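Biologist: I am new to this structure and would like to learn how to read it. Please take me through it one feature at a time.

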Amino acid sequence: AYAAAPVCSPTRGALITGLAPARLKITQHGKDGPHFVPKNSTLIPGDSIARLPYERVTIAERLKDKGYATGFFGKWHLSDESKKKAPGTKEADYRPQFHGFDINIGGCGYGGPPTFFDPYRIPAMKNRKKGEYLTDRLADETITFMREQKDKPFFIALWPYNVHFPFEAPADLIKKYETRLGRNLKNATYGGQIEATDRALGRVLDELDRLNLSDNTLVIFTSDNGGWEGAADNRPLRSGKGTLYEGGVRVPQIIRWPGVTKPNTTSDVPVITMDLSATVLDATGVKLNEGESLDGESLRPLLSQSGPLKRDAIYFHYPHFAWHKSNRPGGVIRSGKYKLIERFDDGSVELYDLTADLSERHDLSTKLPDVAKRLRERLDAWQAETGAAMPTRIEPSKKADPR
C-alpha cells in the first residue's frame with residue numbers, strides 16, 4: 001500500500017477528502033508557501049497550503065449528513081495555529097470540528113505533541129492525569145465515544161500522534177526494545193512507541209468485541225508516510241520519510257471488512273490513500289453529489305477477491321525539499337511493475353522495475369527509453385489535470401531565500 005505523499009499532512013488531507021494532494025494543493029506539512037529551501041538552491045518549491053479549506057468536503061461531513069456520529073481523536077495537522085479568529089463562526093485553525101466531526105480531541109495544527117505525557121499542552125485537549133501516555137488517552141477517549149454511540153452508526157478517525165517526534169514512550173517498552181535493536185529498528189524508544197500504538201489499538205478492537213459491533217464495523221489501519229530513517233530501518237525499501245523512493249511512501253495497511261474480507265488473505269496490487277476514502281463511502285452506501293469525483297476507487301473488488309481495479313496507474317507529487325533538505329523535489333507514476341520518478345531540479349528521470357528491483361538500485365531509464373518516455377508523458381498529463389503546483393527556477397547567480 002502507498003501513502004499519498006512522503007510526509008504526513010498531504011496524506012491526511014487525501015484520506016479525509018479522497019482527493020490527491022496535488023489537487024488539494026496540500027503537498028507539504030507546516031506553513032503556507034514554499035519552505036525548506038536549501039541555501040544556494042536554484043529551485044523554489046511549489047506552493048502548498050497548510051490548512052484544509054472549508055470548501056473541501058470530508059468523509060466526516062458526508063457521513064454526518066447520513067446520520068453517522070463522527071469523532072476525531074489524535075493528530076490532525078491540517079490547520080493553522082498561528083491565527084486566532086476567522087470570518088463567521090469558524091476558527092482560523094480549521095480544526096476537525098469545522099470539517100464534519102461532532103467531537104475533536106487532540107486535533108489541531110501540531111505535527112507532533114509538545115510531549116507524549118500529560119500535561120500534553122495540546123490546544124484541543126484537556127489534561128487529565130499527570131504522567132498518562134497520550135496514545136493510551138486517545139484510546140480511552142475513542143472507547144468512550146464508541147460506548148456512547150453504540151446504538152447508532154459512527155465514524156471514528158483515530159489518528160494517534162505516534163509514531164512521531166518527540167521520541168517518548170513508556171519506560172517498560174523502551175527497556176524492552178533496548179535488546180532488540182538491529183535490522184528494522186535503530187531506536188529503542190521508537191520501538192516502544194510502535195508497541196504502545198499497537199496495544200492501544202488492540203484495546204479499541206477488544207471494545208468493539210465487547211459492544212458486539214465487530215461484525216458490522218469496517219476497520220482500516222495504515223500510515224501517512226514511510227518510516228523516518230533516523231529511527232526506522234526500512235530495508236529492503238530504499239530511503240525513508242520525505243523521499244519519493246519506496247521507503248518514503250510504501251506503508252503497512254490492514255483492512256477488516258466483515259462479509260467482504262477473508263481472514264489471512266493478502267493482495268499485492270498497488271493501492272493508495274485516496275482508495276480508502278472511496279472504500280469507506282462504498283461500505284456505508286454514501287453516494288457523491290452530481291459532478292463530484294474522487295481520486296481513488298473502492299477496494300471492494302480486491303478485498304472480496306472478485307476482480308481487479310479499474311485504473312492502471314497511481315501518482316505522487318512532492319515538489320519540495322524535505323526538512324532534512326537531502327531529498328529532491330519530484331513527481332512519480334507507478335504503472336504495473338514500473339515506477340518512474342521525475343526530478344524537478346534538473347528534469348531527469350529514474351525508472352525502476354519494482355518486481356525485480358524492490359530496492360530501486362538499478363535505474364532503467366536509459367535502457368528502456370520508450371517506457372520512460374511514455375510514463376513521463378502520462379505523469380506530465382496528470383500534473384496538468386490536477387493543477388499541480390510546480391517549482392520555479394531562479395538564476396544560478398541568485399541565492400534562494402531559506403525559509
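**Salt bridges, cores and a pocket**

Modeller: We can begin with one residue: Asp 172 is partly exposed, with 48% relative accessible area. Keep in mind throughout that this is a predicted model.

Biologist: Which residue forms a salt bridge with Asp 172?

Modeller: The general idea comes before the case. Side chains of opposite charge can pair when their charged atoms come close. Here Asp 172 pairs with Arg 199, and their closest N and O atoms are 3.9 Å apart. The cut-off for a salt bridge is 4 Å, so this pair counts. Arg 199 is partly exposed, at 33%.

Biologist: Which parts of the chain does that pair tie together?

Modeller: Asp 172 is in helix H5 (residues 171-177) and Arg 199 is in helix H6 (residues 188-210), so the bridge ties together parts 27 residues apart in sequence.

Biologist: How many salt bridges does the count come to?

Modeller: The count is 28 salt bridges. One of them joins Glu 292 to Arg 62, with the closest N and O atoms 2.8 Å apart. Glu 292 lies in the loop between helix H8 (273-284) and helix H9 (300-303), while Arg 62 belongs to helix H3 (residues 59-65), so the parts tied together are 230 residues apart in sequence.

Biologist: Is Arg 62 buried or exposed?

Modeller: Arg 62 is buried, with a relative accessible area of 10%. Its partner Glu 292 is partly exposed, at 28%.

Biologist: Which residues are linked in a network of salt bridges?

Modeller: The network links Arg 128, Glu 132, Arg 137, Asp 140, Glu 141 and Arg 203.

Biologist: Next, the nonpolar cores. How many residues does the largest one have?

Modeller: A core is read as a group of buried nonpolar residues whose side chains are joined to one another. The largest has 33 residues, and those with the most contacts inside it include Tyr 2, Phe 316, Leu 340 and Leu 375. Strands S7 (314-318), S8 (330-335), S9 (338-343) and S10 (349-353), together with helix H10 (369-386), each give two or more residues to this core. H10 gives the most, with 5 residues.

Biologist: What is Leu 340 in contact with?

Modeller: Leaving aside neighbours within four places in sequence, the contacts of Leu 340 include Ile 333, Leu 351, Leu 375 and Arg 376. That last residue, Arg 376, also forms a salt bridge with Glu 342, where the closest N and O atoms are 3.2 Å apart. Arg 376 is in helix H10 and Glu 342 in strand S9, so this pair ties together parts 34 residues apart in sequence. Glu 342 is buried at 7%, whereas Arg 376 is partly exposed at 25%.

Biologist: How should I read a pocket, and what lines the second largest one?

Modeller: Look at its volume, then at the residues around it. The second largest pocket holds about 200 Å³ of space. Its lining includes Ala 278, Leu 281, Asp 282, Lys 287 and Ser 298. By class, the lining has 5 nonpolar, 3 polar and 2 charged residues.

Biologist: One last residue: where is Leu 211 found?

Modeller: Leu 211 is in the loop between H6 and strand S5 (219-222). At 18% relative accessibility Leu 211 counts as buried, because the limit is under 20%. Not counting residues up to four places away in sequence, Leu 211 touches Met 146, Arg 147 and Lys 150. The C-alpha atoms of Leu 211 and Gln 383 are separated by 46 Å.

Key
Residues numbered from 1 in each chain as written. Predicted model: local features only at pLDDT ≥ 70, side-chain atom pairs only at ≥ 80, totals over all residues. Heavy atoms only, no water. 1 Å grid on protein atoms, 1.4 Å probe; cavity = no way out; pocket = protein on both sides within 12 Å on 5 of 7 lines; lining within 4 Å. Points joined across faces, edges and corners; volume = space filled by probe spheres on them. Nonpolar A, V, L, I, M, F, W, Y, C, P; charged D, E, K, R; others polar. Core = buried A, V, L, I, M, F, W, Y, C linked by side-chain atoms within 4.5 Å. Buried < 20%, exposed > 50% of the residue type's maximum accessible area, 1.4 Å probe, protein only. Helix = DSSP H or I, 4+ residues; strand = E, 2+ residues; numbered from the N terminus. Contact = heavy atoms within 4.5 Å. Salt bridge = Lys/Arg side-chain N within 4 Å of Asp/Glu carboxyl O.
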